[in-house]
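The exercises below are meant to be worked through with the model in view. Each one sets a task and then gives a solution that goes step by step.

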Amino acid sequence: MTTEYSPRLFERDSDIRTIGEGLLACTLPRAAWTHEAHLGACLWLLSERPDIDVDAEIAGIISRYNASVGGVNDDTQGYHDSITRAYVAGVRWFLSETEATELAARVNAMLLSDVGRRDWPLRFYSRERLFSVEARRGFVEPDLAPFPD
């Protein structure tokens, strides 16, 4: 049985920037670090923070934030490298395809697209591979299909 999920959309560009800035400063309340916040922050980083090398820094950014709010980054919880890298690839691809110019409009369109779905990485990975300790601790290549270019 599949349950349809309706994402929480953003009203203002400033709401997304506040999430991204809070992530970087480790001041974002833990309850605000939702699926939508993860994707909004990723799109913001990729489109508005050219000073940050997302590929090189995302693991540290999210792990540091998780630890700052009492989270643990280990073999079963916290930062998951392969899921994060799948979404970074998806957000990049989405940005190359979208015509929206306002930040909230871009993020909301992405959240309503296939890329915004919580199960999107499972289009590329088997469940066993994606949820392995190896995939959590470091990037593993997809075993079902390559990420979109």
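**Exercise 1. Describe how helix 3 and helix 4 pack in this predicted model, and name the residues that make the contact.**

Solution. Begin with the geometry: the axes of helix 3 and helix 4 are 11 Å apart, and the angle at which the two helices pack is about 135°. An angle over 145 degrees would count as roughly antiparallel and one from 65 to 115 as roughly perpendicular, and helix 3 and helix 4 are therefore oblique to each other. The crossing of helix 3 and helix 4 is right-handed. On the side of helix 3, the contact is made by Val54, Asp55, Ile58, Ala59 and Ile62, while helix 4 brings Asp81, Thr84, Arg85, Val88 and Arg92 to it.

**Exercise 2. Work out how helix 1 and helix 2 are oriented to each other, and list the residues that meet.**

Solution. The axes of helix 1 and helix 2 cross at roughly 90° and come within 9 Å. Since angles of 65 to 115 degrees count as roughly perpendicular, that is the term that applies to helix 1 and helix 2. From helix 1, the residues Ile16, Arg17, Ile19, Gly20, Glu21, Leu23 and Leu24 meet Ala37, Gly40, Ala41, Trp44, Leu45 and Glu48 of helix 2.

**Exercise 3. Find which helices supply the largest nonpolar core, and establish how far helix 5 is covered.**

Solution. The core has 39 residues, and those that touch the most other members are Ile16, Ile19, Trp33, Leu43, Val107, Met110 and Tyr125. At least two residues of this core come from each of helix 1 (13-25), helix 2 (35-48), helix 3 (54-68), helix 4 and helix 5, and helix 2 has the largest share, with seven residues. Turning to helix 5, seven of its 10 residues are buried, so that this helix is mostly covered; the buried residues are Leu103, Ala104, Arg106, Val107, Asn108, Met110 and Leu111. Among the elements that cover them are helix 1, helix 2 and helix 4.

**Exercise 4. Classify the ring pairs Tyr87 with Trp120 and Phe124 with Phe147, and say which parts of the chain they link.**

Solution. The structure holds six aromatic pairs. In one of them, the ring centres of Tyr87 and Trp120 are 5.8 Å apart and the planes stand at 35°, so this pair is tilted. Tyr87 belongs to helix 4 (residues 81-97), whereas Trp120 is in the loop between helix 5 (103-112) and helix 6 (127-130), 33 residues apart, and both Tyr87 and Trp120 are buried.

For Phe124 and Phe147, the distance is 5.3 Å centre to centre and the angle between the planes is 75°, which makes this pair edge-to-face. Phe124 is found in the loop between helix 5 and helix 6, and Phe147 in the segment after helix 7 (133-137), so the pair ties together parts 23 residues apart in sequence. Phe124 and Phe147 are both buried. As a last step, note that ring pairs link Tyr87, Trp120, Phe124, Tyr125, Phe139 and Phe147 into a cluster.

**Exercise 5. Locate Cys26, describe its backbone, and decide whether it is buried, partly exposed or exposed.**

Solution. Cys26 lies in the loop between helix 1 and helix 2. Although Cys26 is not a glycine, it has a positive phi of about 60°. Its relative accessibility is 23%, and because buried means under 20% and exposed over 50%, Cys26 counts as partly exposed.

Note on methods: Residues are numbered from 1 along each chain as its sequence is written. This is a predicted model: local features need pLDDT of at least 70, side-chain atom pairs count only at pLDDT 80 or more; totals for chains, interfaces and linings use all residues. Side-chain values use heavy atoms; hydrogens and water are left out. Rings of Phe, Tyr and Trp (its six-membered ring) pair if their centres lie within 6.5 Å; planes under 30 degrees apart count as stacked, over 60 as edge-to-face and the rest as tilted. Helices (H or I, at least four residues) and strands (E, at least two) are DSSP runs, numbered from the N terminus. Buried means under 20% relative accessible area, exposed over 50%, partly exposed in between (1.4 Å probe, protein chains only). A nonpolar core is a set of buried Ala, Val, Leu, Ile, Met, Phe, Trp, Tyr and Cys residues joined through side-chain atoms within 4.5 Å. Axes are lines fitted to C-alpha atoms, for helices over the stretch in contact, and angles run from 0 to 180 degrees between N-to-C directions. Angles under 35 degrees count as roughly parallel, over 145 as roughly antiparallel, 65 to 115 as roughly perpendicular and the rest as oblique. A crossing is left-handed if the near helix is turned anticlockwise from the far one by less than a right angle, and right-handed if clockwise. Contact means heavy atoms within 4.5 Å.
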